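Welcome to this short tour! Open your viewer, switch to the cartoon view, and follow along one stop at a time.

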Amino acid sequence: MPRRTRYSPGTPCWADCITPDLTGSQSFYAELFGWEYVPETPGYQLAVLRGEIVGGFGAAPAGTPPRAAWNVYLATKDAEHTCALVGLAGGRVVMPPVPAGDNGRLFLAVDPAGAAVGFWEGHRAEGVVVADEPGAVSGHELRVPDATRAAAFYGDLFGHRTAPGEEELHLDGAPVARLTEGDAGRPLWLPHFGAADPADTARLAVELGAEPVRPADGRPGLPALLRDPWGAEFGLVQA
């Protein structure tokens, strides 16, 4: 079971689903990936796969739109400093740094392209513990209308770069997220989950009420995207 014990600044380190139907959403992903859930705080639970943490689930606050969303968080060693850089680089902070129990601090922002993104300053190096296997986070994607503008923003924050002709954000020479440019769908970060057979898992997701957003259509490295019954988008990749 691949385990992650460190996340360098700028690397996606956590994903959680905030949903208006916590019970329904958890049941959907339990059926799809075999996840179980462990309460952490009132209204927030950890998703676990064979005892290892793969992400989180939270109840949407009252009065928010009745749509679920997967949130992706980037690691930072200094939430206050990164928060200041977000504004200087053209982003917008929607929730300044706040404590997250005893584990660390987080803040939420919107990048210049309109994609929501979280930032996590952990008291420990760990985020998602198990990764890159069926049922676990196995990649990430940033979908924006202007890839160049997005790359410049994250480059100002952490040094992300893109290579000519490649649809990926790189950090320290390693890919950290697929960078998809287009006007289809709202700008967002989303997680890719591993599957032994992504096509079979996609069919099961549809049987459980999900909606196809983008078929893999045979192109190497292009994950299938789906929208769960409450509107949260996620990808499926071979693992």
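In what order do the seven strands of the open sheet lie, and what kind of pairing do they show? Before you look, keep in mind that this is a predicted model. Now colour the strands: the order is 10-11-9-12-15-14-13, and the pairing is mixed. Strand 10 (168-171) and strand 13 (211-214) stand at the edges with a single partner strand each, so one side of each has no neighbour in the sheet. Tilt the view a little, and you can follow how neighbouring strands are turned by 35° against each other on average, direction ignored.

**Stop 1: a pair inside this sheet**

Select residues 137-144, which are strand 9, together with residues 188-195, which are strand 12. These two strands run antiparallel and are joined by six bridges. As a reminder, the strands of a sheet pair through backbone hydrogen bonds, and they can do so either parallel or antiparallel. For one example, click on V137: opposite this residue, in strand 12, stands F193.

**Stop 2: a helix on the sheet**

Next, add helix 1 (residues 22-33) to your selection. Helix 1 packs on the sheet, where it touches strand 12 and strand 15 (233-238). The direction of helix 1 makes about 10° with that of strand 15.

**Stop 3: two helices side by side**

Keep helix 1 on screen and bring in helix 4 (residues 198-207). Two packed helices are described by the angle between their axes and the distance between the axes. Here the angle is about 150° and the axes are 10 Å apart, so helix 1 and helix 4 are roughly antiparallel to each other. Helix 1 passes helix 4 in a right-handed crossing. Show the side chains where they meet: F28, E31, L32 and F33 come from helix 1, while T201, L204 and A205 come from helix 4. Of the residues in this contact, five are nonpolar, one is polar and one is charged.

Is T201 buried or exposed? T201 has 15% relative accessibility, and because buried means under 20%, T201 counts as buried. Zoom in on this residue of helix 4. Setting aside neighbours within four places in sequence, T201 is in contact with L32, F33, A195 and L236.

**Stop 4: the other sheet**

Now move on to an open sheet of eight strands. Their order is 2-3-4-1-5-8-7-6, with mixed pairing. At the edges you will find strand 2 (36-41) and strand 6 (92-100), each pairing on one side only. From one strand to the next, the twist averages 30°.

Select strand 5 (residues 69-75) and strand 8 (residues 116-122). Three bridges connect them, and they pair in the parallel sense. If you click on L74, look for its bridge partner in strand 8, which is F119. Then show helix 2 (residues 79-88), which packs on the sheet and touches strand 6, strand 7 (104-110) and strand 8. Its direction makes about 5° with that of strand 7.

**Stop 5: one more helix pair**

For the last view, select helix 2 and helix 3 (residues 147-158). How do their axes cross, and within what distance do they come? The axes come within 9 Å and cross at roughly 145°. Helix 2 passes helix 3 in a right-handed crossing. The contact is formed by T82, L85 and V86 on helix 2, with F153, D156, L157 and F158 on helix 3. These residues divide into five nonpolar, one polar and one charged.

Notes. Residues are numbered from 1 along each chain as its sequence is written. This is a predicted model: local features need pLDDT of at least 70, side-chain atom pairs count only at pLDDT 80 or more; totals for chains, interfaces and linings use all residues. Side-chain values use heavy atoms; hydrogens and water are left out. Two strands pair if DSSP finds at least two bridges between them. Helices (H or I, at least four residues) and strands (E, at least two) are DSSP runs, numbered from the N terminus. Axes are lines fitted to C-alpha atoms, for helices over the stretch in contact, and angles run from 0 to 180 degrees between N-to-C directions. Contact means heavy atoms within 4.5 Å. Buried means under 20% relative accessible area, exposed over 50%, partly exposed in between (1.4 Å probe, protein chains only). Angles under 35 degrees count as roughly parallel, over 145 as roughly antiparallel, 65 to 115 as roughly perpendicular and the rest as oblique. A crossing is left-handed if the near helix is turned anticlockwise from the far one by less than a right angle, and right-handed if clockwise. Ala, Val, Leu, Ile, Met, Phe, Trp, Tyr, Cys and Pro count as nonpolar, Asp, Glu, Lys and Arg as charged, and the others, Gly among them, as polar.
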